[in-house]
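Here are some exercises to work through with the model open in your viewer. Try each task yourself before you read its solution.

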Amino acid sequence: MLDKDRWLLPEGIEDVLPSAAARLERLRRELLDLFGGWGYELVIPPLVEYLESLLTGTGNDLDLQTFKITDQLTGRLMGVRADMTPQVARIDAHLLKRDAPTRLCYLDTVLHTRPDGFSRSRNPLQVGAELYGHSGVESEAEILCLMLEMLKLAGIGAVHVDLGHVGIFRGLARAAGLNAEQEAVLFDALQRKAKAEIEEFLTGWSLDAVQRRRIVSLVELNGGDEVLSDAEVALRGAGDAVRGALDNLRSIADAVRRQAPQQTLYFDLAELRGYHYYTGVVFAAFVPGHGQAIAQGGRYDDIGRVFGRARPATGFGADIKTLLALSTQPLPERPGAIFAPCENDSALQALVRTLRAQGERVVYALPGQTGGAREVGCDRVVKKQKGVWTVIKTEEK
């Protein structure tokens, strides 16, 4: 490596400098207070775990995003977490072992092998909340409304919320007798809303006209409340699983509107984000001008089964760095500071201790340093006036 490249960071890995770090820390504290006010307890899982724990349940889809390392103590493969959701599920199932509903939240760094999200970062600061032990629509409504409160607190305006339900496509695929390979091909085409491809696949698989029409209709079933009414017509006769998923989606939307009547909801029945691990409703938040979801979640029941205890579960996650990058809140003014001489004077040192105890930032002027109060961000100085150490504005003489 050339000397001039010695301090370059890997692509997608970035430093957080003082101003941005202060904003991140301020939002971090506010979000944790918000979650705490809703009854969500903070957990801090480890940065690395054995692969079989990280890549189970929800984690299976994260294999390509997970850095693998070898544990020098055991020789076993470990992974650097790419998502904290499987870790929190392990804590609920294996460590807490509560029977009552459990609300947990988290906020920490994850690492991705490939860039992801708004900033193309590979080290997002992931924040999220999970609710275990309750399978009713009230749980989804609570989680979705908490996500909306999080976005509001972060200064995100004009949020567009999409809802879908993996049970609709899953029910149609099973009723049509599709095998795993066919289901995967169809899933990919639906995500791209490639209607012509879908019709070609279904015709080639010799599905009857009614089954083809139902599956193809998913491409067009997106929009406002009319989508659910249209879906009841388009998917009539598709079976109990599909009808139950539609009813569940409608009930969740009604419950959310009771808590957040000002929020407009949209529906997309071809939305299958996280299809391989979600078991029910899925939702995502978008903002104008940004094509990727800024927060997303859904129901993923039984994730704890591999840890010895299956529990209903629903939750959401987001990247705090993305939220701040999209925030419309003005930057907070940098708090002032006080510049104090570095002298062996007990009265001066007592004053500095008092000021710091009152929440002031006090910076000592180091002997021989370059730059004065202004250069180190201080708007006041400590000077001795008439034998007493006094805090004065920097412009005062």
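## Exercise 1: Helix α1

**Task.** Check the span of helix α1 (residues 18-37) against its end C-alpha atoms.

**Solution.** Start with the rule: the expected span of a helix is 1.5 Å times one less than its number of residues. For the 20 residues of α1 that gives 28 Å, and the end C-alpha atoms are 29 Å apart, which agrees. Helices here are DSSP runs of H or I with at least four residues, strands are runs of E with at least two, and both are numbered from the N terminus.

A word on what you're looking at: this is a predicted model, where local features need pLDDT of at least 70, side-chain atom pairs count only at pLDDT 80 or more, and totals for chains, interfaces and linings use all residues. Residues are numbered from 1 along each chain as its sequence is written, and side-chain values use heavy atoms, with hydrogens and water left out.

**Task.** Which residues of α1 are buried, and where do they sit around the axis?

**Solution.** First, the cut-offs: buried means under 20% relative accessible area, exposed means over 50%, and partly exposed is in between (1.4 Å probe, protein chains only). By that test R23, L24, L27, L31, L32, L34 and F35 of α1 are buried. Next, look down the axis of α1: the buried residues fall within an arc of 160 degrees, so they line one face of the helix. The arc is taken from the directions from the helix axis to the C-beta atoms. An α-helix has 3.6 residues a turn, so residues three or four places apart point the same way. Now flip to the face turned away from the buried side, and you find the exposed residues P18, R29, D33 and G37.

Finally, see what the buried residues of α1 pack against: β1 (41-42), β5 (102-109), β6 (125-132), α4 (137-153), β12 and α11 (320-326). Contact means heavy atoms within 4.5 Å. After α1 comes G39, with a positive phi near 95 degrees.

## Exercise 2: Helix α6

**Task.** Work through helix α6 (residues 180-191) in the same style.

**Solution.** Begin with the span: the 12 residues of α6 should cover 16 Å at 1.5 Å a residue, and the end C-alpha atoms are 17 Å apart, which agrees. Then pick out the buried residues of α6, which are Q182, E183, L186, F187, A189 and L190. Down the axis of α6 they fall within an arc of 165 degrees, so they line one face of the helix. These buried residues pack against α5 (166-175), α7 and α8, while A180 and E181 are exposed on the other side of α6.

Last, check the ends. N179 caps the N-terminal end of α6, with a side-chain oxygen 3.1 Å from the backbone nitrogen of E181. Just after α6, K193 has a positive phi of about 50 degrees.

## Exercise 3: Rings

**Task.** How many aromatic pairs does the structure hold?

**Solution.** Rings of Phe, Tyr and Trp (its six-membered ring) pair if their centres lie within 6.5 Å; planes under 30 degrees apart count as stacked, over 60 as edge-to-face and the rest as tilted. The structure holds three such pairs. In one of them, the rings of F201 and W205 have centres 5.7 Å apart and planes at 10 degrees, so the pair is stacked. F201 counts as partly exposed at 25% relative accessibility, and W205 counts as partly exposed at 22%.

Y278 and Y300 form an edge-to-face pair, 6.3 Å centre to centre with 65 degrees between the planes. Y278 lies in the loop between β9 (265-268) and β10 (281-287) and Y300 in the loop between β11 (290-299) and β12 (313-319), so the pair ties together parts that are 22 residues apart in sequence. Both Y278 and Y300 are buried.

## Exercise 4: Q87

**Task.** Is Q87 buried or exposed?

**Solution.** Locate Q87 in helix α3 (residues 85-96). Q87 has a relative accessible area of 1%, so the residue is buried. Leaving out residues up to four places away in sequence, Q87 touches P45, P46, E49, L54 and R81.

Note on methods:
A polar contact is a pair of N or O atoms within 3.5 Å; within protein, one must be able to donate a hydrogen and the other to accept it, and residues adjacent in sequence count only if both atoms are side-chain atoms.
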